[in-house]
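Work through the exercises below with the sequence and the model open. Try each task before reading its solution.

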Amino acid sequence: MRYSQAARGGNHQIREVVVSPKSILNYAKFCVDYGVHFIPLFSVVLISGLFIQLLLQKFNWNSFFSRSLFNEISAFGLDIVIVSALAALALQVVTLQS
């Protein structure tokens, strides 16, 4: 972001904020470099999904998406998580416990 001369002055009033694609990419790089190491990705995905859902509902864009399609996608995602968790189990540990 580039601030005007008044924004850098002592009164701290921002009169003009210019957002360019380069400034957005620089901010994204800053977030990736410094923010991702401290914030769990799963919680970021949940909060982002909530904001996207609220945005879709506010502008009435949710009618463009099929609820049954999202149910199928989420069921498939849950199946993948379960299968990968079972595949990650060490069989020697399982046989020692029984």
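**Exercise 1: Confidence**

Residues 1-8 have pLDDT under 50 throughout, and the model gives them 19 contacts beyond four places in sequence. Here pLDDT is the predictor's confidence in each residue, from 0 to 100, and contact means heavy atoms within 4.5 Å. This is a predicted model: local features need pLDDT of at least 70, side-chain atom pairs count only at pLDDT 80 or more, and totals for chains, interfaces and linings use all residues. Residues are numbered from 1 along each chain as its sequence is written, and side-chain values use heavy atoms, without hydrogens and water.

Task: find which element has the lowest mean pLDDT and which the highest.

Solution.
1. Take the whole protein: its mean pLDDT is 76, and 69% of its residues reach 70 or more.
2. List the elements in order from the N terminus: β-β-α-α-α-α. Helices (H or I, at least four residues) and strands (E, at least two) are DSSP runs, numbered from the N terminus.
3. Compare their means. Strand 1 (residues 2-3) is lowest at 47, and helix 3 is highest at 91.
4. Apply the caution: where pLDDT is low, the predicted coordinates should not be read in detail.

**Exercise 2: Helix 2**

Task: check the span of helix 2 (residues 41-58) against 1.5 Å a residue.

Solution.
1. The expected span is 1.5 Å times one less than the number of residues.
2. Helix 2 has 18 residues, so its span should be 26 Å.
3. Its end C-alpha atoms lie 26 Å apart, which agrees.

**Exercise 3: After the helix**

Task: decide whether F59 and N60 are buried, partly exposed or exposed.

Solution.
1. Set the cut-offs: buried is under 20% relative accessible area, exposed over 50%, partly exposed in between (1.4 Å probe, protein chains only).
2. F59 sits in the loop between helix 2 and helix 3. Its relative accessible area is 43%, so F59 is partly exposed.
3. N60 is in the loop between helix 2 and helix 3. Its value is 52%, so N60 is exposed.
4. Check the backbone too. N60 has a positive phi of about 60°, although it is not a glycine.
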